Amino acid sequence: MPPPADPGAPEACAAAQQAAAALGHTTVLLHEAVQALLGGPAAPGPRCWVDGTFGRGGHSRAILARMAAEDRLVVFDKDPEAIAHAQSLGDGRLQIRHEGFAQLAGLEPASVDGILMDLGVSSPQIDDARRGFSFRMDGPLDMRMDSSRGQTVAQWLEHAEQGEIAEVIREYGQERYAGSVAKAIVARRQERGPITGTAELAALVAGAVKSREPGQNPATRTFQALRIFINAELEELQQALTASLRVLKSGGRLVVISFHSLEDRIVKRFIEQHSRQHYDRRMPLAQERPMLLRAVARIKPTQAEVEANPRARSAIMRVAERTEAP
């Protein structure tokens, strides 16, 4: 269901994309996500939206451009640089939270008209060698979304057991050579001390991975796994999805953009689980639990968007609508 006709919507999205691009980021599925988020049934009074990952503000700017003066937008982000960019907007309708989107559980019950979660790592984070996300540039082996707190990947690898390293790389990276990679990391650590740089880790992984997908760097899966693990990304996603049921109003929209199968599987199963009525077969007289969500759409980027922004190629957006008041 599209939102009410707004002839300025394409222009608002274009302006938001241009502003984000100036900061080094191209927002994926920008127009589609904003349309889906704002497309629920109209509610009386001031409305509240949530952008769970502000990033460089592509989605938030487009949402703000279509909000009324009395509405508010709550934005979350772990990255101090993203928070600084959010603060620079100087919009009084904006409420800024320097924390992960799982903390939306602290919002008032049934107070939110729509929640957007754009998962994964942003282009500025990948392209900044100092953040340690990229295997293409040498930098400190960090990978924290919030660089102001927590343990870095280098610190974890310095003490983790071989079996634990293998399990993380296998589970979060779906790397079939996880055991070989973990063995190489521990052997290198015992011989010459801790691994502290991304280039060194990437070279170590390349030597341990016996085959790779065409066009894919052999370190891709290992770096993905370590990033997801050190930031507890999947656990936080599950917490945020659960919290969304509590804070969304009836008719409120949940919009989630994921970039790999582990994330998308969690989102898909969550929507499926809550899109049907349940009853306990052991208690035939018990009342059915109501359906809490209605699946609305599954959207992928167009070929034109993928050609313009190759990082969009794996994106999947799922949209659901809250069907019952919490």
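Buried means under 20% relative accessible area, exposed means over 50%, and partly exposed lies in between, with a 1.4 Å probe and protein chains only. The model on display is predicted, so local features need pLDDT of at least 70 and side-chain atom pairs count only at pLDDT 80 or more, while totals for chains, interfaces and linings use all residues. Residues are numbered from 1 along each chain as its sequence is written, and side-chain values use heavy atoms, with hydrogens and water left out.

**The whole chain**

Begin with the full protein in cartoon view, which has 13 helices and 7 strands; helices (H or I, at least four residues) and strands (E, at least two) are DSSP runs numbered from the N terminus. Of its 326 residues, 51% count as buried. Contact here means heavy atoms within 4.5 Å, and among contacts with a separation of 6 or more, 69% come from residues 24 or more positions apart.

**Threonine 323 and the end of β7**

Select threonine 323, which sits in the segment after β7 (316–322) and, at 25% relative accessibility, counts as partly exposed. Apart from residues up to four places away in sequence, threonine 323 touches Ser250, Met291, Leu292, Leu293 and Arg294. A distance drawn between the C-alpha atoms of threonine 323 and serine 275 gives 8.9 Å, although the two are 48 residues apart along the chain.

**Strand β5**

Move next to valine 255 in strand β5, which counts as buried at 0% relative accessibility. Once its neighbours within four places in sequence are left aside, the contacts of valine 255 are Ala33, Ala36, Leu37, Ile115, Leu116, Met117, Met317, Arg318 and Val319. The C-alpha atom of valine 255 is separated by 9.8 Å from that of arginine 298, 43 residues apart along the chain.

Continue along β5 (residues 248–258) to serine 258, which is buried with a relative accessible area of 2%. With neighbours within four places in sequence again left aside, serine 258 is in contact with Leu119, Glu263, Asp264, Ser314, Ala315 and Ile316.

**Helices α2 and α3**

Two packed helices are described by the angle between their axes and the distance between the axes. The axes are lines fitted to C-alpha atoms, for helices over the stretch in contact, and angles run from 0 to 180 degrees between N-to-C directions. Angles under 35 degrees count as roughly parallel, over 145 as roughly antiparallel, 65 to 115 as roughly perpendicular and the rest as oblique.

Select α2 (residues 30–37) and α3 (residues 58–65), whose axes come within 10 Å and cross at roughly 50°; the two helices are therefore oblique to each other. To see the contact, show Leu30, Ala33, Val34 and Leu37 of α2 together with Gly58, His59, Ala62 and Ile63 of α3. By class, this contact of α2 with α3 has 6 nonpolar, 2 polar and no charged residues, where Ala, Val, Leu, Ile, Met, Phe, Trp, Tyr, Cys and Pro count as nonpolar, Asp, Glu, Lys and Arg as charged, and the others, Gly among them, as polar.

**Helices α8 and α9**

Turn to α8 (residues 178–192) and α9 (residues 198–208), whose axes come within 9 Å and cross at roughly 130°, which makes α8 oblique to α9. Here Ser180, Val181, Ala184, Ile185, Arg188 and Arg192 in α8 meet Glu200, Leu201, Leu204, Val205 and Ala208 in α9. The contact of α8 with α9 has 7 nonpolar, 1 polar and 3 charged residues.

**Helix α10 and its surroundings**

Which residues of α10 are buried? Select α10 (residues 220–230), where 8 of 11 residues are buried: Thr222, Phe223, Gln224, Ala225, Leu226, Arg227, Ile228 and Ile230. Their cover includes α6 (153–159), α7 (162–173), α8, α9, α11 and α12 (261–273).

Keep α10 in view and add α7, since the axes of α7 and α10 come within 8 Å and cross at roughly 100°, and the pair is therefore roughly perpendicular. On the α7 side the contact is made by Val168, Ile169, Tyr172 and Gly173, and on the α10 side by Arg221, Thr222, Gln224, Ala225, Leu226, Ile228 and Phe229. These residues of the contact of α7 with α10 divide into 7 nonpolar, 3 polar and 1 charged.

After α10, stop at alanine 232, whose phi is positive, near 50°. End the tour on α11 (residues 233–247), where the buried residues include Leu234, Leu237, Ala240, Leu241 and Val247.
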